[in-house]
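Reader: I have a structure open and would like to go through it with you. Could we start with how its chains meet?
Author: Certainly; please keep it in view while we talk.

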Amino acid sequence: MNTERRKFIKSSCNFCLMAAGGFLLSELSACSPAVKVLKVPVSGNTVTIPLNAFASGPQLIVRPSGWYYDIAVRKKEKNTYEALFLQCTHQQNQLVVDPHGYKCNLHGSQFDEDGKVVKGPAGRPLKRFNTTIGPDQLIIQLKD
Amino acid sequence: MTDSGFFCTMKYQLASVFFIFQVFTYIQTEAQAFRTGAQQLILSNEDSLHAGTNSQKTVISGYGSAFYQRNFNQEQSTLTLERAVLFVGHQFSQKISFFSELEIENAKVEGGTSNGAEISMEQAFLKFNLNPKQYLVAGLFTPRIGILNENHLPVNFNGVERPLVEQLIIPATWRELGVGFYGSMDQLPLNYSVAVLNGLNAQNFEHGNGIAGGRAEGNLATANNLAITAAVQYAWKDFKFQISGYNGGTIGLSPRGSDSLGLNSGALGTPIYLGEADLQFNRDGFSAKALGVYISYPDAGKINNRFGKNIANGMYGAYAELAYDWLHKKNAQAQFISFGRLEMLDMNASIPGKGDALYDGTEKQTHLVLGFGYLPLPNVVIKADVRLLHTGPQNPDLVINPPPNQLPYRQSNQFLNIGIGYSF
């Protein structure tokens, strides 16, 4: 009898944990500041993204195909755009997007949303790519 | 001067200018040729601004710290170059890189005597980028356990000394050999990591030093036993949460050797478990940190019995820190941060029964640290703080053959710390 009760309690607890886990995950998804990711091909030394990709928000993560680093593109005032290379300027590690900008997990460098250093050891701001606006599209020049 | 004389002079002058130009060009070319391949790959600040997506580059950087400490109970002051660390990294391609940290602690190792000094590799690993969000590392690296282990630069923590909980309970800088997988998600601000490492060596555990003595740190680690560690980080608004865990075997002996001692060997034999959770908050110049960690070592009694140790089977540590940057509102590059941190830890929170261990009250400690850090730039810091320490009473059974001039143990002590730190 005791064994049955123990089994029942155990399975009930497992069910509750699974339900709580699922609920938590969906809640986390709902409250997270998810940034849209756009995978794009590289054509010559440029990538092109449609301007309507910014309809859902001013920030976009662009992932050029075959690259190991993302580009953060932000729509700014007066219809200008800023494209930051998400490679840490300290030791070339990939950066992760956080609510205040970008962070390197390797040595702890932090950059604000404009790519300026907030915390070392990085000493230089993030590299910016030149952008030009075409008809309904933004062109990012990958080489100077 | 005749026309022919004028042209002759002009010819000589032009020839001289051409000769000087040729010599200058030659010297420049030779100077370039005398740079080794590695030297030509090292970035100057100017180069790196234009480096863009060049696939090959070598980077040299580093960090260091020095401090003065006054121990008021002992009436003793110390001054040391605590750390000088040199980073060398090389990017072979966009996909494969190498990272290393070579550390010299306390400045000088001479004639085989260390006096607390140490030369060691803190990290040396290859990194394989799988895509922009995931990568593998292989070699000697610091796994993601706690806040400090992964990011331990002096400009990135408050206080001259690293938090005591992350020295004595989480033995940072804790590096081992192994393979790690790191990643972050697109849909959520969530980072994760999992790693397989060499295990700890129970024969080297020491009373009063937590599990630090069991680390191999890349030096002939026993690989019959292994460890698994994993961490998850989640960023939400101004908060960042992390949980991490570690489960590792502590017996690296062969099955025959461990059987003869009655200890379980194998990958995760005679295991140690570590669980940690922390949160960080940052907004408008205010920052807060809180961390809790617990270590469980169920077979500590057997280890004490077989190897003549006095190790606990439960240890805990926790701290909370509040800080404010008084220059935040000026939007300046400089920061002046005042902070307070309360730390509590017990390296023998539970001990094996049946006379297999002796309780040591001095391992139950409370530290209150109050101080400031001034960063004129993000990579340079000047720090000062006072640390108030209170411990439990000393166990007289653990005091063996005390020197005749030994002072009675005092449960409270104060330390004054002044230090500098840099990273680049």
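**Where the chains meet**

Author: This is a predicted model. In it, 34 residues of chain A are in contact with 38 residues of chain B.

Reader: Which elements of chain A supply at least two residues of the side that touches chain B?
Author: They are helix 1 (2-31), strand 6 (96-98) and strand 9 (117-119) of chain A.

Reader: And what is that side made of, by class?
Author: The side of chain A that touches chain B has 15 nonpolar, 11 polar and 8 charged residues.

Reader: Let us step back. What is the secondary structure of chain A?
Author: Chain A comes to 1 helix and 11 strands. Along the sequence, the helix is at the start of the pattern and the strands follow, as α-β-β-β-β-β-β-β-β-β-β-β.

Reader: How many helices and strands does chain B have?
Author: Chain B has 6 helices and 16 strands.

Reader: What share of each chain is buried?
Author: In chain A, 34% of the 144 residues count as buried. For chain B, the figure is 37% of 424 residues.

Reader: Now the interior. How many residues has the largest nonpolar core?
Author: That core has 39 residues. Those with the most contacts inside it are Val165(B), Ile169(B), Ile170(B), Val293(B), Ile295(B) and Ile311(B). Several elements of chain B give two or more residues to this core, among them helix 4 (165-168), strand 11 (286-296) and helix 6.

Reader: Which residues are in contact with Ile311(B)?
Author: Leaving aside neighbours within four places in sequence, Ile311(B) is in contact with Phe205(B), His207(B), Tyr297(B), Ala300(B), Ile303(B), Asn304(B) and Ala357(B).

Reader: What does the second core include?
Author: The second core is separate and has 29 residues, including Trp67(A), Tyr81(A), Val96(A) and Tyr102(A).

Reader: Why might one look for such groups at all?
Author: In soluble globular proteins, nonpolar side chains tend to be buried together.

Reader: Back to helix 6 of chain B, please. Which of its residues are buried?
Author: Within helix 6 (residues 300-307) of chain B, the buried residues are Ala300(B), Ile303(B) and Asn304(B).

Reader: Where do they lie around the helix axis?
Author: They are on the same side of helix 6 of chain B, because they cover an arc of only 100° around the axis.

Reader: And what follows that helix?
Author: Gly308(B) follows helix 6 of chain B, and the phi of Gly308(B) is positive, near 65°.

How values were computed. Residues are numbered from 1 along each chain as its sequence is written. Chains are lettered from A and ligands numbered from 1 in the order in which they are written. This is a predicted model: local features need pLDDT of at least 70, side-chain atom pairs count only at pLDDT 80 or more; totals for chains, interfaces and linings use all residues. Two residues are in contact if their C-beta atoms, placed from the backbone, lie within 7 Å. Helices (H or I, at least four residues) and strands (E, at least two) are DSSP runs, numbered from the N terminus. Ala, Val, Leu, Ile, Met, Phe, Trp, Tyr, Cys and Pro count as nonpolar, Asp, Glu, Lys and Arg as charged, and the others, Gly among them, as polar. A residue is buried if 20 or more other C-beta atoms lie within 10 Å of its own, exposed if 12 or fewer, and partly exposed in between; C-beta atoms are placed from the backbone. The arc is that of the directions from the helix axis to the C-beta atoms. A nonpolar core is a set of buried Ala, Val, Leu, Ile, Met, Phe, Trp, Tyr and Cys residues joined through C-beta atoms within 7 Å.
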